[in-house]
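Me: Please take a close look at the enclosed spaces in this structure for me. I would like to know what surrounds them, and then what the neighbouring parts of the chain and the helix packing look like.

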Amino acid sequence: MSFESLWASQSAIGRDPDTGGYRRGGWTPTEREATHWFTDQCAARNLTLESDGIGNLIAWWNPPQDPAFRPGIVTGSHLDSVIDGGAFDGPLGVVSALAAVDVLRAEGFVPSVPIGIGAFVEEEGSRFGMPCLGSRVAAGVLPPEKALGLTDRAGVTLAAALEEAGIDPAGVARSPLLERMGTFVELHVEQGRGLTAPVGVASSIWPHGRYRFTFRGEANHAGTTLMEDRHDPMLTYAMTALAANKQARLAGARATFGRLSVEPNGTNAVPSQVTAWLDARAADDATLQSLLAAITKQATERAERDGTTLDVVPESVSPVVDFPTGLRDRLVDVLDGAPVLPTGAGHDAGVFSAAGIPTAMLFVRNPTGISHSPAEFAEPDDCLAGVDALAAVLKDLAT
Ligand code: GLV
Ligand code: MN
Ligand code: MN
């Protein structure tokens, strides 16, 4: 099937017709619909589908002379989205993988080692707060009992969400799927403006931390409480958000407060508590640590002045990932000198690489650099170049 038809066959799933934003949170009905679309596509191609306890999937194209499974070349990405996400982050890698297999089969290529197409669950962590949730459990870096106890914003545990999706939580474990992942190559839309060629190759993934900041103060009346009598955690938070922005600029890093929860969240009451989630990233682990320390110090000093308190809890911290240079250079050679660039975005490829699986990434140009937004975009010609690049890489690795 052509890339365009494949793309169109899944592009309405979970998309808000008014905003164009996608809502495919892990194990929600829309994400399950996207997963069914994937399993249908795999069945139509006679790929052998394997699933693990949490719902990660790999569909295999086995060499005909060698039906017994052995480690192969896995490509693919994820089908879930951030809240109001774009069309490309995740699905581009899955659709391109299916299209690349179609290209190779149309050419009459027969792999010497199995080629797998993976779809890994809850990569964005948009529902349960943990990025790369499926791949972390699969790789054994997030214990199943910790994963199953995570809750979404409605208080639903992962265990309950799995049950609701028809998946037995007792099966959640380190994944046997990864034993067959000899090499992983993820194609992904580029998420900044760093790539000016149609296709590039990743050098590294920046370290990334998600931290929960809880600011506590004293609820009080918005009309009668003198300004100087207040212990308003919103003020401590507001100054912390400004400090985060300034410290990130000074460090050449990134810091974002993109999620907030306010108690009691009433217009005419000084809040009692503000919970804010900091997403911080930097080029190296030391810079990320000193960035967090600088933001926390300023927040703590401000809390003292406001008569509020602050707790900071790391919810997930991922160290830098440097992709192996041998595999990276091989991809660059296959792609006639494609540019190499780092990324500040997180990926399942980072989890698999850290777990010791030889891993590489291909990026498809993003002309505006906008991502995690309905405005995320890649030109159709660049997507087709991505499919050709992925097909060439798979052919090289599976020959
Ligand atoms: C995922 O795309 C992330 O970088 O947060
Ligand atoms: Mn992604
Ligand atoms: Mn993303």
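**The cavities and their surroundings**

Reply: The lining of the largest cavity is made up of five nonpolar, three polar and three charged residues (nonpolar means Ala, Val, Leu, Ile, Met, Phe, Trp, Tyr, Cys and Pro; charged means Asp, Glu, Lys and Arg; the others, Gly among them, are polar). This is a predicted model, where local features need pLDDT of at least 70 and side-chain atom pairs count only at pLDDT 80 or more, while totals for chains, interfaces and linings use all residues. Residues are numbered from 1 along each chain as its sequence is written, chains are lettered from A and ligands numbered from 1 in the order in which they are written, and side-chain values use heavy atoms, leaving out hydrogens and water.

A cavity here is a set of points, on a 1 Å grid over the protein atoms alone, where a 1.4 Å probe fits but cannot get out; a pocket is an open set with protein on both sides within 12 Å along at least five of seven lines, and lining residues have an atom within 4 Å of a point. Grid points are joined across faces, edges and corners, and volume is the space filled by probe spheres set on the points. Two cavities of 30 Å³ or more turn up in a search of the whole structure.

The largest cavity holds about 60 Å³, and its walls come from E31, T35, G55, L57, H78, L79, D80, A119, F120, V121 and E122. For the second largest cavity, the volume is about 30 Å³. Y22, R24, L79, D80, S81, G86, A87, D89 and P91 line this second one, so to speak its cast list, with four nonpolar, two polar and three charged members. L79 and D80 appear in both linings.

The second largest pocket offers about 190 Å³ of space. It has 13 lining residues, and G25, T28, I83, S126 and R127 are the closest to its centre. Three of the lining residues are nonpolar, five polar and five charged.

Next comes a backbone detail. D84 sits in the loop between β3 (72–77) and α3 (helices, H or I of at least four residues, and strands, E of at least two, are DSSP runs numbered from the N terminus). Although not a glycine, D84 has a positive phi of about 60 degrees. Most residues other than glycine have a negative phi.

Helix α3 (residues 91–106) packs against helix α11 (residues 380–397) at about 60 degrees, their axes 8 Å apart (axes are lines fitted to C-alpha atoms, for helices over the stretch in contact, and angles run from 0 to 180 degrees between N-to-C directions). That angle makes α3 oblique to α11 (under 35 degrees is roughly parallel, over 145 roughly antiparallel, 65 to 115 roughly perpendicular, and the rest oblique). On the α3 side the contact (heavy atoms within 4.5 Å) involves L92, S96, A97, A99, A100, V103 and L104, and α11 contributes C383, V387, L390, A391, L394 and K395. Eleven of these residues are nonpolar, one is polar and one charged.
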